[in-house]
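Fire up your viewer and keep the selection box handy. We'll hop from one stop to the next, and at each one I'll say what to pick and what is there.

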Amino acid sequence: MAPAPPQKPTEPKGLLQTHELYKYILETNVYPREPEPLKELRALTASHPWAVMSTAPDAGQMIEILLKLVGVKKAIEVGVFTGYSLLLTALTIPDDGKIVAIDMDRQAYEMGRPVIQKAGVEHKIEFIETAALPALDKLLENPDNEGSFDFAFVDADKVNYINYHERMMKLVKVNGIVAYDNTLWFGSVAQPESLVLDEFKEGRVSTIEFNKSLAADPRIEVTIVPLGDGLTICRRIN
Ligand SMILES: C[S@@+](CC[C@H](N)C(=O)[O-])C[C@H]1O[C@@H](n2cnc3c(N)ncnc32)[C@H](O)[C@@H]1O
Ligand SMILES: O=c1cc(-c2ccc(O)cc2)oc2c(O)c(O)ccc12
């Protein structure tokens, strides 16, 4: 049986000290600049019981800047849900750009798909409905895919981030970017285990291990940006 959806906070504040500060950022900077299709998708997703999983729009802004700085044409995403980060990527990359988007939950993707279609960017997307690890391994069977992606965004099961990272180090080109969401896992990575709610315990352990392994990884430059629930940005350097 699927676990119960997390309680959706009435006013999420991520890692910031107050709800008011988060509201300030959203209202002064994020919402006024958010493209209309993303607003529409966010509104539609609000009725989903797992709406809290959607990429935060302030983290989305950071991803948009990265995509533009790198000049991304070919991207890969693991963890699509209803498609907020996917649509953001599709709206940002050029018209002949491509995104491979992997998620085992087609139903959630289908919920957001009409908004993606209406925005006129569906032709850039190849949605693969399957578990991510075998899908990444299958991509790697084709040597043409090695080092071919400019950008990867990983926002799926936290216990597999270490495994996704190994695949991304082969799929993303040198100087390419891999971004991982939720790398502070609701702040639990810095809390003693005894204070952590049961539903966050497994993710906490995996995330601590993941953060440690990235810090020691000579193949990348890496920063943890305390945005949303923690966004780790890696640049592949060799
Ligand atoms: C946090 S949500 C993704 C949110 C998305 N980036 C957005 O902006 O809305 C996580 C997604 O990962 C998917 N997922 C979890 N484990 C997976 C796995 N092993 N393989 C493929 N998809 C997985 C879930 O089905 C879910 O849709
Ligand atoms: O509350 C969540 C839960 C997840 C999650 C849990 C288990 C999986 O296999 C995948 C995802 O992801 C979240 C997330 O990415 C987020 O930004 C907020 C909350 C959650």
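Which backbone offers a polar atom 3.3 Å from an oxygen atom of ligand 1? Select Phe81: a polar atom of its backbone is the partner. Before going on, some ground rules: this is a predicted model, where local features need pLDDT of at least 70 and side-chain atom pairs count only at pLDDT 80 or more, while totals for chains, interfaces and linings use all residues. Residues are numbered from 1 along each chain as its sequence is written, chains are lettered from A and ligands numbered from 1 in the order in which they are written, and side-chain values use heavy atoms, with hydrogens and water left out.

**Stop 1: ligand 1**

Stay here and show the side chains of Thr55 and Tyr164. Thr55 puts a side-chain N or O atom 2.7 Å from an oxygen atom of ligand 1. Tyr164 has a side-chain N or O atom 3.3 Å from a nitrogen atom of the ligand. These are polar contacts (pairs of N or O atoms within 3.5 Å). On its own, ligand 1 exposes 610 Å², and the protein buries 90% of that (Shrake-Rupley areas, 1.4 Å probe).

Now select the whole shell: 19 residues surround ligand 1, with Thr55, Ser85, Asp103, Ala132 and Asp155 the closest (a residue counts if one of its heavy atoms lies within 4 Å). Colour by class and you get 10 nonpolar, five polar and four charged (Ala, Val, Leu, Ile, Met, Phe, Trp, Tyr, Cys and Pro are nonpolar; Asp, Glu, Lys and Arg charged; the others, Gly among them, polar).

**Stop 2: ligand 2**

Keep Asp155 selected and bring up ligand 2. A polar side-chain atom of Asp155 sits 3.0 Å from an oxygen atom of this ligand. Add Lys158, with a polar side-chain atom 3.2 Å from a ligand oxygen, and Asn182, where that distance is 2.7 Å. The protein covers 73% of the 440 Å² that ligand 2 has accessible on its own.

How many residues are around ligand 2? There are 11, and Val52, Asp155, Asp157, Lys158 and Asn182 come nearest. By class, the shell has six nonpolar, one polar and four charged residues.

**Stop 3: a hairpin**

Switch to cartoon and pick strands E6 (220–225) and E7 (231–236), which run antiparallel and are joined by six bridges (strands pair if DSSP finds at least two bridges). Strands here are DSSP E runs of at least two residues, numbered from the N terminus. Click Val225: its bridge partner in E7 is Leu231. Five residues lie between the strands, and in this hairpin Gly228 takes a positive phi near 60°.

Conventions
Polar contact = N/O pair within 3.5 Å; in protein donor to acceptor, adjacent residues only side chain to side chain. Helix = DSSP H or I, 4+ residues; strand = E, 2+ residues; numbered from the N terminus.
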